[in-house]
Every structure is written in C-alpha cells, then in structure tokens.
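Colleague: Please take a close look at one helix pair in this model, and tell me first how far the prediction can be trusted.

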Amino acid sequence: MLFESWTMEWFSYLNAAIIGWAVLVYCYREFVKRDADC
Amino acid sequence: MENYEWLNWTLLLGSFGILILIGYLSSRVIKDSDAAGFLVAGRSLGPFVGAGTIVATGFSGWGFMGSPGVAYEFGSIEVLGNFFFAPAMVIAVLYFANFLRKRADELGSCTIPEYVAQVHGEGLMARWVKGVAAVITIVLLLVFLTSQIKAVGLLGASWLGISLNDSALLMISVIILYTMLGGLAAVAWTDTLMVSGMGIGALVMMVQIFTDISPLELIDRLNAIDPELLNPTTSAPYGESKGSVFLVLPYAFLFTAVLPYMAVRFLAFKPTVKMHQVAIWVAPMGCLLSLVPIVGMYVRVAHPELAQADQAMPAYLSTFLHPALAGVITLFILFAMKSTANSLLHTVSSAASHDLRTALFPDSKASNSRILWINRSWVAILGLVGFLMMLYAPPFMLSWLGILGSGTLLAVMIGPVFISSFWRGNSYGALAAMLTGLVTSGSFLLFTQVGWVEGPLYGCLASSVVYVAVSKLTASSTATQPVGRYRLN
C-alpha cells in the first residue's frame, strides 16, 4: 500500500488524477484540436 | 529577526505599490462603463486570471496558517481534507460555471443576489428576494471579513513589529484603495499576482522539506510518533466515521459554486472563454496550494514539542527557513489572506451599493459615473466597518468566525442558486429557503458541537427541502414551471 497510509494514498492518487487530466486536456487542445482546426 | 524588519517593510511597501498600481490600471476597465464594469470587471476575465482569482479567493489564510496546525495535531487527514478544495473547484468550474454565466448573462445579472431575484420572478417579490439576499450576504460576509482582517492584522503585526490595530488598519486601507479603484477587475488581477506568490511559497516550502527529509522517512517517523497520524480510524476533526472527510468534497463544491464571493467570478468571464481552459489552470494551482498542510506534519516530526498546534507554521518559518526567506513566505501568506479579504469586501460592498440600492429604489435613474461613485463609497464604508468590528468584536476563534460566515451563507444560497439550476422554485420558496438556511446552519454552529462541515451541510439540506416544499405549496397553476425549463422575465 502506497505510503502505508490510506489518507496519503487517496491524496496522491487524486492529485495525480487531477494533474493528469489537466495535462491531457491541455495537450489535446494544443496539439490535437488545434491541428484539426487548421 | 529584528534586523530583517527593514526587509519586511520593504517587501510590504513594494507589494502595496504593485497592488495599487494594478488597481489604478484596472480602473481603466471600469471607466466609462456601466455598473457591470465595477461589479463583474466588464465581463473581461480570461482563463488564467479567472482561475487565479477563483483559487486565490478559495484558499484563504486558513490553508497557510490554520490547516498546518490541524495537520500537526491530527496528521494526514487534514492534508486530504484540505486537498478536496482543488477537485471541488475544478468540478464547479467544469460543470456549473458555464450554466451560471450564461443564465446570468441572459438575465443581465451582475451579482449573485441579483441573479437569485431575477431567476425567481419579477416585481415586488423579486425586490424582496434581492433585498433579503443582499442583507444576509452583507451580515454574514462582514463576519467573515472581520476574521480575515484580524488574521491579516495579527500576522502583519508580528512580521512588522507593530500593534495589531495599526497592522490591520494598514492592510485594510490598501485593500480598500485598490478595490475602490478597479472593482472586481482590480480584485481579480491582484488575486492572480497573489496566487502566483502563494504558489511560489508552497513550492519553496516543499523543496525545503523534501530536501531535508524524504517522503518515506517522513512517513516512518510519523508512524513512530503515532500510527493514527497516517492511518486514522476516524476523520477527526471532520467527523467520527472514517468517511466523514469525504464530505469536504461536496462542501467545497457548494462553497465554490454557491457562495456569492466565489460564484460572482463565473459571471465575470469573457463570453468567449471555455470553462475547461479555466479548469486547466485551476487544477495545478489548487493541487500546489493543497500541499501546504504537509508543513504541519513536517513540524510534528522535526519540532514535536509545540505548546499549541496553531503555532506549526510560525514555528516552521522561524526554525527552518532563513529569516529573509521566511519574510518573503510571510508576505505570500499575507497575500493568501488579503486575496480572500478583498473578494469579501467587493462582494459586501456590491450587495449594499447595487443589490440593496436597486431593491429599495428600483426606479433610480442615476448616471454611470454616480453609480461608480456609490459603488466606491460603499467599499470604503464597509471596509472601515469591518475594521471597527474587528476592534470591538468579542475575541472568537478566527477560523470559527470564518466558518460561521461562509458556511451559513452556503446554507442560505444553496436553494436559490444551486437547486434552482435544475428545479426552479418561486420567490416564496427562495425567501423561505434563505431564512431556513440562515437559522438552521447558524443554530448548529452557534449552539451545538457538530463539526464545521456538518453544521452548514445540515443547513443546506433543510434549506433545499424548504425551497422545494414552499415553492410547490405556493405555486399557482399558471406559475408552475416544468422541471429544467425557464421563463425569461
């Protein structure tokens, strides 16, 4: 179990999920959708 | 530390200069504009500034001073609980902000009390709804503003070596000045500057902590002190059951979506801004600031003999950072408090100068320049009222005052602002819901020992039920609206 702590486990996974989502959306808007719009 | 007081004064006066300059520059946005210029920044906010002001306002001084103290005492449950504000803000921006912005734009609403009134009808009853919403907003947010002025005054006093009253007067004067100059544009732009400082502060603290001790070592040493610090069997201080901490997520969502001083930001975006562009910025900013309570766990490991948990952040700054760096970080913590205080001041003054004025004098034909003068005057008046309240109010716990103001306002507004987005009631339901939320949440917080999340959530539940029940009971056959449909007034 990550960090042997359920609170830190939730904290880490949720943080990673939100940052991951932001990066994915940013990359999609910058590199995929913009190319498609051109 | 005394040798560094000159540096602290230089930092403070330099930051004041920049904040006032931003206020002056943003005053151009509202020059020659109608009331929307002052109240919603002329609907001019882009994704970055919009995200900056949402995050800066949502993360008050609590995140930097109160939360590390709770993490010192209760451990990682506070790190998780405080973190939920980040996803909650992202969800509110993604799934509620656009609806509120479009609906307010259709109705021509410039404030949340005005939106509440216009959504629920027109004429005399709408004026009653707007007036009551404005008065409750002014009263409750003045309580919150008082706590923020005191917090910023206390920190500034120890940082600058002056008295609490002098420090509080100095800070609130500058906030009044730039808010008067530029209205919400000044508040949003200064918030964005300040959230950048807050982010840098969070980053510096994390670098210092994790170059001194690895995450795994921090975990091991906390476990050695007390395993409950990492694997709590309850969610104390959030509640008795292990899952209570997850209630912070819906609480923080409603906090962002419903509270007038948060939700008014959604009305201020440029019409062309897409909300996912805003959320992309809110996510990293929120996640970065949510790391700050880790300071409390670090101090527990490195400095376990503190007399009071609340001293975790001051002890960290004085023990583990160079005094010059500690001075800079203290400035950023002051930023966290000021960025909330300026938003509160702008919202209470808007409620008085716009909502209450138009509720009492609906046929007023004041010119734009006169309305701007009225708006600016109320910023000064209510800023000074907040300062006087701080001087003469009983010495309540600062965080509790903040919860009393914001949590109770949450219960007041949930029906008319949030429930109305998918089931529209009428003016009677809105009035009854606001009063029920006020009494229920206020009573729980004032007269019982329930947790600070639970009291407002019980108030939200009661307010929502009353909103629907009273709307149904008082609906005439002609006024009944189908679920999810709106009638433009």
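Modeller: Start with the weak stretch: over residues 477-489 of chain B, pLDDT stays under 50, pLDDT being the predictor's confidence in each residue, from 0 to 100. For these residues the model has 11 contacts beyond four places in sequence, a contact meaning that two C-beta atoms, placed from the backbone, lie within 7 Å. Where pLDDT is low, the predicted coordinates should not be read in detail. Chain B as a whole averages a pLDDT of 90, with 96% of the residues at 70 or above.

This is a predicted model, in which local features need pLDDT of at least 70 and side-chain atom pairs count only at pLDDT 80 or more, while totals for chains, interfaces and linings use all residues. Residues are numbered from 1 along each chain as its sequence is written, and chains are lettered from A and ligands numbered from 1 in the order in which they are written.

Now the pair. Helix α9 (residues 164-212) of chain B and helix α13 (residues 275-289) of chain B have axes that come within 9 Å and cross at roughly 45 degrees; helices here are DSSP runs (H or I, at least four residues), numbered from the N terminus. The axes are lines fitted to C-alpha atoms over the stretch in contact, with angles from 0 to 180 degrees between N-to-C directions. Because of that angle, α9(B) is oblique to α13(B) (neither under 35, over 145, nor 65 to 115 degrees). On the α9(B) side, the contact is made by B:Val195, B:Met198, B:Gly199, B:Ala202 and B:Leu203; α13(B) contributes B:Met285, B:Leu288 and B:Leu289.

Notes
Helices (H or I, at least four residues) and strands (E, at least two) are DSSP runs, numbered from the N terminus.
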